[in-house]
Each structure stands twice: as C-alpha cells, then as structure tokens.
Amino acid sequence: MKSRLILASGSPRRKELLEQIGAEFEILPAKGEEMITSTVPAQVVMELSAQKAEEVAGRYKEELGTGNHNASEGEQAVVILGADTVVAYENKILGKPKNEEDAVRMLQMLSGHTHSVFTGVTFVIEKAGKQEKQSFFAETKVTMYPMTEQQIQSYVATGEPMDKAGAYGIQGKCAVYIEKIMGDYNNVVGLPIALVYQNLEKSGIEIL
C-alpha cells in the first residue's frame with residue numbers, strides 16, 4: 001500500500017525532484033524558528049531537518065486532514081519528509097546569503113576551490129499508531145572554477161543566489177562555473193533523492 005508522503009519544505013527544487021521520480025505528495029512547509037546546537041555541518045543539517053519534520057508531524061492532521069484510509073489493508077502509513085541543505089567551506093557553514101554583499105562574500109570564498117554540500121533528511125513515519133524517526137545526510141564535494149569580480153557581481157545581480165545555500169544554484173546560471181562534483185548531483189540541488197527512496201524502501205515504505 002502506497003504511503004502518504006508530506007514534504008515539510010516549500011523548496012521548489014525539492015518539489016521538482018520528488019515530481020521527477022513520480023512520487024505523489026503533499027506540501028506543508030515548516031514554519032518554526034531553526035535552532036542549532038552543533039557546528040558540524042552533517043550534524044547541523046540532520047538537526048534542522050528533524051526540527052522541520054517533527055514540527056509538521058505535529059500539525060499535518062489539522063491542516064491537511066487525516067488522508068485516505070483503506071479498511072481492508074489497515075491504516076495508511078504517513079511519512080513526513082524534512083530536509084535542510086548547507087554549504088561548508090573549510091568547516092565554515094554557509095547558509096542563504098543575508099543580502100547581495102553577503103552573496104558576493106560567499107562566492108569569493110568558493111571561487112576556485114572545492115567545498116562540500118550537505119543535505120540532512122529526516123523521516124517521521126507514522127504507522128499503526130506508532131511513530132518512528134530516521135535522520136541521515138549526504139555529502140557532495142563541488143569544485144568551482146575561478147570567478148572574476150565582474151563575473152561574481154554579474155551573477156549576484158541576477159538574483160539567483162539569494163535563496164540558495166552558499167549563494168549559488170548548480171542547476172541554474174552558476175552551472176558555467178562548476179568544474180566537477182564528487183557525489184550525488186541532486187544532493188546539491190537540495191535532496192539526495194536516490195538515498196531518500198532507498199532508505200524508505202528499506203523501511204518498507206512505498207512512495208511510488
């Protein structure tokens with residue numbers, strides 16, 4: 001029986017990745033304030049993804065309803081998927097830029113160097129009256145070509161960097177500055193979709 005999947009994120013990129021694999025899902029973005037207790041990128045993204053998933057797990061019934069039930073097969077499992085992505089360079093976490101100046105600073109830092117992109121994913125799975133939680137992360141290493149000051153300024157002026165961790169979109173205009181990647185490309189976009197699917201399958205959760 002296919003589970004009910006709820007994406008606890010308003011990210012258009014995560015939405016597109018789930019649509020790409022043919023998953024049916026609902027969107028209920030987390031609204032809470034993010035609190036972190038670690039400075040280790042892998043721990044930070046798992047912590048933030050868990051906060052998002054847990055918050056939405058606490059309110060989805062009220063806002064989305066209880067979903068479909070199949071009496072003959074028992075209660076439908078519900079999976080709330082929370083995710084958070086950060087860019088890390090020399091162990092410094094780069095989130096979304098505060099303003100254009102901040103975006104320029106981040107791109108100057110990343111230009112000509114290799115950095116890591118971490119995405120943390122948390123599932124809150126509700127099935128047969130029980131709730132379980134799983135958190136994991138994926139890391140992809142990205143090497144950027146050197147960018148001139150003019151190229152950085154021109155790219156920031158497009159507005160594309162402003163809602164993206166590390167101030168760039170690998171799937172957008174910044175593609176021309178990406179020399180190579182090691183790991184999952186989709187993880188840099190915002191969701192390691194293959195790992196998400198494989199981990200759900202291991203838990204006996206069907207989303208396709």
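Phe 123 is buried, with 0% relative accessible area. In this predicted model, Phe 123 also takes part in one of two aromatic pairs that turn up in a search of the whole structure. Here is a quick tour of those pairs, followed by a look at helix H7.

**Aromatic pairs**

- Phe 118 and Phe 137 make a tilted pair, with ring centres 6.1 Å apart and 40° between the planes.
- This pair links distant parts of the chain: Phe 118 sits in strand S5 (residues 114–127) and Phe 137 in strand S6 (residues 130–144), 19 residues apart.
- Phe 118 counts as buried because its relative accessibility is 9%, under the 20% cut-off, whereas Phe 137 is partly exposed at 35%.
- Phe 123 and Phe 136 form an edge-to-face pair, 5.4 Å from centre to centre and with 65° between the planes.
- Phe 123 belongs to strand S5 and Phe 136 to strand S6, so this pair ties together parts 13 residues apart in sequence.
- Phe 136, like its partner, is buried: its relative accessibility is 11%, and that of Phe 123 is 0%.

**Helix H7 and its surroundings**

- Helix H7 spans residues 193–202, and its buried residues are Ile 193, Val 196, Asn 199 and Leu 200.
- These four residues lie on the same side of H7, because they cover an arc of only 135° around the axis.
- The buried residues of H7 pack against helix H1 (12–20), helix H6 (185–189) and strands S3 (78–89), S5 and S6.
- Gly 204, just after H7, has a positive phi of about 75°.

Conventions:
Residues numbered from 1 in each chain as written. Predicted model: local features only at pLDDT ≥ 70, side-chain atom pairs only at ≥ 80, totals over all residues. Heavy atoms only, no water. Phe/Tyr/Trp six-rings, centres within 6.5 Å; stacked < 30°, edge-to-face > 60°. Helix = DSSP H or I, 4+ residues; strand = E, 2+ residues; numbered from the N terminus. Buried < 20%, exposed > 50% of the residue type's maximum accessible area, 1.4 Å probe, protein only. Arc of directions from axis to C-beta. Contact = heavy atoms within 4.5 Å.
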